Amino acid sequence: MISNCPFCGGDYPTENIRPLQGHVDDHLVHVLCSKCHHSMMLSIVKKEGGMACAGVFTDCLFADAAKFALSPPISTDDVISVHTGFSLDKMIIIQ
């Protein structure tokens, strides 16, 4: 797993690594750099012979990331609705 921030080299202290979702073989965690305060969301999957990890940088704080992690997945219809809204120059709000 990534142990240092790719931006500044700062540490990810244990208290800044917080689980969002977890199952037997895969976990989604939010990590926050103690030095520059950049955040990442990491997917950690247990594989035969080891672990695989993929991450994405985010500006979400843990509370925001937790809210999104519990939200239903974005559907094709959601994407089409947003596209249609932009095409019609209308303000749309998705909740």
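**Strands, cores and two histidines**

Q: In strand 3, which residue is the bridge partner of Leu-32?
A: Strand 2 and strand 3 pair in the antiparallel sense, over seven bridges. Strands here are DSSP runs of E with at least two residues, helices are runs of H or I with at least four, and both are numbered from the N terminus. Two strands pair if DSSP finds at least two bridges between them. In strand 3, Leu-32 is matched with Ser-39.

Q: What kind of model is this?
A: Residues are numbered from 1 along each chain as its sequence is written, and side-chain values use heavy atoms, with hydrogens and water left out. Local features need pLDDT of at least 70, side-chain atom pairs count only at pLDDT 80 or more, totals for chains, interfaces and linings use all residues, and the model is predicted.

Q: Which strands stand at the edges of the sheet?
A: The sheet is open, with four strands in the order 1-2-3-4 and antiparallel pairing. An edge strand has a single partner strand, so one side is left without a neighbour in the sheet. The two are strand 1 (17–22) and strand 4.

Q: How many bridges join strand 3 and strand 4?
A: Met-41 stands opposite Val-56 in strand 4. Lys-47 stands opposite Gly-50. Strand 4 covers residues 50–58, and its antiparallel pairing with strand 3 counts nine bridges.

Q: Which residue in the turn between strand 3 and strand 4 has a positive phi?
A: These strands form a hairpin with two residues between them. The phi in question is about 90 degrees. The residue is Gly-49.

Q: Is His-37 buried or exposed?
A: His-37 lies in the loop between strand 2 and strand 3, a hairpin with six residues between the strands. It is not a glycine, yet its phi is positive, about 70 degrees. Buried means under 20% relative accessible area, exposed over 50%, and partly exposed in between (1.4 Å probe, protein chains only). At a relative accessible area of 53%, His-37 is exposed.

Q: Which backbone oxygen lies 2.9 Å from a polar side-chain atom of His-30?
A: His-30 lies in strand 2 and is buried, at 3% relative accessibility. Contact means heavy atoms within 4.5 Å, and beyond its neighbours within four places in sequence His-30 touches residues including Asn-16, Met-41, Phe-62 and Ala-65. The backbone oxygen is that of Cys-60.

Q: Which strand gives the largest share of the largest nonpolar core?
A: A nonpolar core is a set of buried Ala, Val, Leu, Ile, Met, Phe, Trp, Tyr and Cys residues joined through side-chain atoms within 4.5 Å. The largest has eight: Cys-5, Tyr-12, Val-29, Val-31, Cys-33, Met-40, Leu-42 and Ile-44. Two or more of them come from each of strand 2 (26–32) and strand 3 (39–47). The largest share, three residues, is from strand 3.

Q: Which cysteine has the sulfur nearest to that of Cys-5?
A: A disulfide needs two cysteine sulfur atoms within 2.5 Å, and the structure holds zero. Cys-5 is in none, and the nearest cysteine sulfur is 3.7 Å away, in Cys-36.

Q: At about what angle does helix 1 run to strand 1?
A: Helix 1 (residues 62–70) lies across strand 1, strand 2 and strand 3. Axes are lines fitted to C-alpha atoms, for helices over the stretch in contact, and angles run from 0 to 180 degrees between N-to-C directions. To strand 1, the angle is about 5 degrees.

Terms used. A polar contact is a pair of N or O atoms within 3.5 Å; within protein, one must be able to donate a hydrogen and the other to accept it, and residues adjacent in sequence count only if both atoms are side-chain atoms.
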